[in-house]
Amino acid sequence: MTSSARPLLNRRLAEFGTTIFAEMSALAVRTGAINLGQGFPDTDGPEQVREAAVRALRDGRGNQYPPGPGVPELRTAIAGHQQRRYGLEFDPDTEVLVTAGATEAIAASLLALVEPGDEVVALEPYYDSYAASIALAGGTRVPVTLRPHEGAFRLDLDELRDAITPRTRLLLLNTPHNPTGTVLTRAELTAVAELAVERDLLVVTDEVYEHLTYDDAEHVPLATLPGMRGRTVTIGSSGKTFSFTGWKVGWVTSAPELVTAVRSAKQFLTYVSAGPFQYAIAEALALPDSYFADFRASMTAKRDLLSAGLADAGFTVFRPRGTYFVTTDVRPLGFDDGFAFCRALPERCGVVAIPNAVFYDDRAAGAPFVRFAFCKKDEVLSEAVTRLKA
C-alpha cells in the first residue's frame, strides 16, 4: 500500500474509469445475453487473408520486430488503396505510417500535435478514446454536438464555426460516424475544409468505416478537398473492413512533416506491432472491388434486419447511413435513462446494448439514446430481435 494521500491515477485520466464496453461485455457473459454492445464481428474475415497471415508466420516474415513505420509491402498497399479509391497520392516511405489499430493512431496524432492548453474540437457523441487521448495530450476538448433531426443526427455548421477560438489547434472528425451512423456530406465537408483553411487548423479524420456506407451515402475523404492535403491526418484501419479486429492493424496517411510528427509519438507507445498480420493486410487491401461491394451488401442487409426489428419492438430508430451501429431512442418504451435501460436489458430479455451517454460530455443530451451493433450473424440478430419484441 502507498503511504501517500496523493491519488495514484494521473489527474488527466481521473475522469476515465473502466470502459462501458468492459462493463457491458462482462454483463453479457454473466447473464448469457446476446452481446450487441461492443463492435466486433462474430465471424472471421476472408479465408485468403487469414491464410496470408499463416503463410507469413511460417515464412518467418514479421516474427521479429518489423520496421518502425510498418513493413514496406503494407505501406505500399495503403498508398495504392488511397490512390485507387480516392485519387490521393501518398509516398509509402514518407507519408504512410502503420499503427496498432486506429486507437493508437488517434492517440499518437493527438500526443504529437496538441500542446497543453490547446483546444481540440470534436463531434459529439464521440468514441471514448478521443476524450482520453485529448486529456493525455493536455488539451481541452470542445464538443460540437450532432443533434437528431428528421430521422438522423446532423452537424450544425454554425455551431462548429462558433466553437473555434484563437486557442483551437485541431479539429477531430469521424465520418462515417460512430455511434450515430451519420455520414458527413460533401457539402458539409467542404464547409469544414474552408473553415480549417480560413482558421489555419489541423484536422485529424477517423475514417475507419470508409467502406461501410449505405444507400446513396458517399464517403468523401477530407484530404481530397482543396487546401486539405497538407493539413489533414487521415486514419484508417483494417479491423472494420476485413473483420479481423484482433489483429490491430491501422494506419495514418498525411504530408511528410505530419507523419514524422505522429511517428515521433507512436514510437514510444507500441513502437511496432502485428508483424505477420501486416503482410496479410497488404494482400487484403488488394482484394477486388467485388469483395468490398459484397461486404457492404451483407452489412446493409444486417442493418435492415436489426433496424426493422428494433422499430417493431417499439424503439425510435435512427437508420444509419454508415458504420455497423444503429442508434435508437428508448423514450417510446417508457425510459429516459439509457444507462438504466442497458443495465436492465440483459436480465429482462437477454440482449446487451451500449448507452450513448458515455460518448457525450453533456450526458443529458445523450441520455435517451442506446446503440446496438449489427456486425453479427443473421441468426444472432434474428434471435436478438425476437427477444427484444418479447
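In which sense do strand β12 and β15 pair, and over how many bridges? Select residues 325-329 for β12 and residues 369-373 for β15: the two pair in the antiparallel sense over 5 bridges. Two strands count as paired if DSSP finds at least two bridges between them. Helices (H or I, at least four residues) and strands (E, at least two) are DSSP runs, numbered from the N terminus.

This is a predicted model, in which local features need pLDDT of at least 70 and side-chain atom pairs count only at pLDDT 80 or more, while totals for chains, interfaces and linings use all residues. Residues are numbered from 1 along each chain as its sequence is written, and side-chain values use heavy atoms, with hydrogens and water left out.

**Stop 1: the sheet around β15**

Stay on β12 and β15 and display the bridge partners. Val 326 has Phe 372 as its partner in β15, and Thr 328 stands opposite Val 370. Now add residues 354-355, which are β14; this strand runs antiparallel to β15 and is joined to β15 by 2 bridges. Here Ile 354 has Arg 371 as its bridge partner.

With β11 added, the open sheet of 4 strands reads β11-β12-β15-β14, with antiparallel pairing. β11 (316-318) and β14 are at the edges with a single partner strand each, so one side of each has no neighbour in the sheet.

Colour β15 by accessibility. Of its 5 residues, 5 are buried, where buried means under 20% relative accessible area, exposed over 50%, and partly exposed in between (1.4 Å probe, protein chains only). Phe 369, Arg 371 and Ala 373 point one way from the strand, and Val 370 and Phe 372 point the other way.

Next select residues 289-312. This is helix α11, which lies across β11, β12 and β15 and runs at about 15° to β12. Axes are lines fitted to C-alpha atoms, for helices over the stretch in contact, and angles run from 0 to 180 degrees between N-to-C directions.

**Stop 2: Phe 372 and the cores**

Centre on Phe 372. Leaving aside neighbours within four places in sequence, its contacts (heavy atoms within 4.5 Å) include Leu 306, Leu 310, Phe 315, Tyr 324, Phe 325, Val 326 and Leu 388. In the largest nonpolar core, which has 99 residues, Ile 281 and Phe 372 touch the most other members. A nonpolar core is a set of buried Ala, Val, Leu, Ile, Met, Phe, Trp, Tyr and Cys residues joined through side-chain atoms within 4.5 Å. Apart from this core lies another, of 27 residues; Leu 123, Leu 146, Leu 184 and Tyr 360 are among them.

**Stop 3: the sheet of 7 strands**

Move to the open sheet with the order β2-β10-β9-β8-β7-β3-β4, where the pairing is mixed. At the edges are β2 (96-99) and β4 (140-145), each with a single partner strand, so one side of each lacks a neighbour in the sheet. Neighbouring strands are turned by 20° against each other on average, direction ignored.

Select residues 202-206 and 232-237, which are β8 and β9; they pair in the parallel sense over 4 bridges. Asp 206 stands opposite Ile 235 in β9.

Two helices can be added here. Helix α3 (residues 72-86) lies across β2, β9 and β10 (250-253), at about 115° to β2. Helix α5 (residues 128-136) lies across β3 (119-124), β4, β7 (168-174) and β8, at about 160° to β7.

**Stop 4: Arg 231**

Pick Arg 231, in the loop between β8 and β9. Is this residue buried or exposed? Its relative accessible area is 17%, so Arg 231 is buried. Its side chain reaches the backbone oxygen of Leu 201 at 3.0 Å. Beyond four places in sequence, Arg 231 is in contact with residues including Ala 196, Val 197, Asp 200 and Leu 258.

**Stop 5: helix α9**

Leu 258 leads to helix α9 (residues 256-266), where Leu 258, Val 259, Val 262, Ala 265 and Lys 266 are buried. Viewed down the axis of α9, the buried residues fall within an arc of 120°, so they line one face of the helix; the arc is that of the directions from the helix axis to the C-beta atoms. They pack against β2, α4 (101-113), β8, β9 and β10. Thr 260 is also in α9 and, at 37% relative accessibility, is partly exposed.

**Stop 6: His 81**

Finish in helix α3 with His 81, which is buried at 2% relative accessibility. Its side chain makes a polar contact with the side chain of Gln 82 at 2.9 Å. A polar contact is a pair of N or O atoms within 3.5 Å; within protein, one must be able to donate a hydrogen and the other to accept it, and residues adjacent in sequence count only if both atoms are side-chain atoms. Not counting residues up to four places away in sequence, His 81 touches Tyr 86, Glu 210, His 211 and Leu 285.
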